[in-house]
Amino acid sequence: MSELIIKTRDALLQAGISPRKSLSQNFLINKNVLNRQIKFANLTEEDIVLEIGGGTGLLTEQLAKASGKVYSIEYDRKLAQYLKTKFQSHSNVTILAGDALKLDFPEVTKFIANLPYHISSPITFRLLDYDFELAVLMYQYEFARRMVAKPRTDDYSRLSANLQFQAEVEILERVPRNCFLPMPKVDSALVQIKPKKEKLPISKKYYRITSRILFNTKNKLVCSVLYDYFKRIIPKEERFAFKRQLDESLSFANSRVRELSIEDLVKTTGEIMEFLQASNQLNLLK
Ligand code: SAM
């Protein structure tokens with residue numbers, strides 16, 4: 001039996017828990033994957049790391065060895081207590097008990113974690129609201145494919161569009177399901193996220209709103225999706241003129257949403273903003 005399986009079982013016993021599916025408690029038990037995750041993180045003494053989902057602390061331990069400071073958030077009260085005891089003599093580790101979707105994050109340079117998969121989407125959007133240099137995160141493989149998907153593919157989604165607007169995203173490696181205890185039904189992947197250094201070309205708020213509206217029905221034409229969205233709030237007698245003006249204002253009116261690149265989406269967001277601003281109706285974009 002591998003060293004990490006024994007350590008994980010011991011830790012769970014000491015913490016007094018059996019893994020809970022509802023908390024995505026699948027613990028990494030493959031030492032080579034763990035070592036590669038640390039290597040990908042490229043940590044130095046200067047780094048301050050945030051781990052989301054400390055679990056039994058095996059990754060936390062390696063992060064603490066390789067960086068200046070580690071914060072680890074753990075939602076499970078018993079595991080958080082176990083981690084606090086385990087790391088009480090480590091002056092560079094702080095365990096934060098609570099929900100990673102609600103706690104304020106400390107200032108960090110890197111996010112390194114084997115994420116609880118049931119919060120993959122909201123936690124990823126949350127990370128994008130913070131300043132950081134690099135994230136090396138474990139996701140479900142299917143989710144990771146959506147993160148890196150390109151236009152005109154089935155996996156291209158609101159997630160791909162939002163993530164790639166702000167960051168360079170790359171799948172570092174596929175991680176087989178048998179690297180976790182208990183073994184999940186699907187494979188995982190280590191993903192690298194590097195926020196773009198240059199200033200965003202358009203307001204993040206409006207880009208996110210536009211892509212949310214558009215990707216609601218990504219196989220439809222841009223003009224139809226937008227018209228369907230806005231028509232609820234436009235008086236009946238003004239709808240025809242509204243649609244005509246909308247079509248004329250958009251460079252990609254007759255493209256399908258799934259065909260739009262990040263640059264096309266930026267352009268479309270700008271054009272929608274201009275179009276609505278002209279009639280003092282930017283508040284419709286919400
Ligand atoms: N870091 C460990 C590892 O590498 O094996 C554990 C990873 S496990 C996939 C995810 C961990 O996130 C579990 O310990 C779980 O209790 C914790 N967790 C679940 N929901 C959470 C939340 N909302 N906020 C913080 N931690 C959470």
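This presentation covers the ligand site, the two largest pockets and two points of backbone geometry in a predicted model.

Let me begin with the ligand. Its shell holds 23 residues, and those that come nearest are L28, G53, E74, D99 and N114. By class, this shell divides into ten nonpolar, nine polar and four charged residues.

Which residues place an N or O atom beside an oxygen atom of the ligand? E74 does so through its side chain, with an N or O atom 2.6 Å from a ligand oxygen. Q25 also uses its side chain, where a polar atom lies 2.9 Å from an oxygen atom of the ligand. L28, in contrast, contributes a backbone N or O atom, at 2.9 Å from a ligand oxygen. As for burial, the ligand taken alone exposes 590 Å², and the protein buries 97% of that area.

I turn now to the space itself. The ligand occupies the largest pocket. Two elements give two or more residues each to the shell around the ligand, namely β1, residues 27-28, and β3, residues 69-74.

How much space lies in the largest pocket? The figure is about 490 Å³. Its lining comprises 34 residues, with G53, G55, E74, N114 and P116 nearest the centre. The elements that supply two or more residues to this lining are β1, β2 (48-52), α3 (58-66) and β3. In composition, the lining has 19 nonpolar, eleven polar and four charged residues. E74 therefore deserves a second look on the display: this residue is among those nearest the ligand, and it is also listed among those nearest the pocket centre.The second largest pocket has a volume of about 380 Å³. Of the 15 residues in its lining, F132, Q166, P195, K196 and K197 are the closest to its centre. Here the classes divide into five nonpolar, one polar and nine charged residues.

Finally, two details of the backbone. Most residues other than glycine have a negative phi, and most peptide bonds are trans. S24 is not a glycine, yet its phi is positive, at about 55 degrees. This serine lies in the loop between α1 (3-15) and β1.

Is the peptide bond from L181 to P182 cis or trans? It is cis, with omega near -15 degrees. P182 is found in the loop that joins β8, residues 180-181, and β9, residues 188-195.

Conventions. Residues are numbered from 1 along each chain as its sequence is written. This is a predicted model: local features need pLDDT of at least 70, side-chain atom pairs count only at pLDDT 80 or more; totals for chains, interfaces and linings use all residues. Side-chain values use heavy atoms; hydrogens and water are left out. A residue is near a molecule or strand if one of its heavy atoms lies within 4 Å of it. A polar contact is a pair of N or O atoms within 3.5 Å; within protein, one must be able to donate a hydrogen and the other to accept it, and residues adjacent in sequence count only if both atoms are side-chain atoms. Accessible areas come from the Shrake-Rupley method with a 1.4 Å probe; for residues, only the protein chains shown count as cover. On a 1 Å grid over the protein atoms alone, a cavity is a set of points where a 1.4 Å probe fits but cannot get out, and a pocket is an open set with protein on both sides within 12 Å along at least five of seven lines; lining residues have an atom within 4 Å of a point. A molecule sits in a cavity or pocket if more than half of its atoms lie within 2 Å of its grid points. Helices (H or I, at least four residues) and strands (E, at least two) are DSSP runs, numbered from the N terminus. Ala, Val, Leu, Ile, Met, Phe, Trp, Tyr, Cys and Pro count as nonpolar, Asp, Glu, Lys and Arg as charged, and the others, Gly among them, as polar. Grid points are joined across faces, edges and corners, and a volume is the space filled by probe spheres set on the points.
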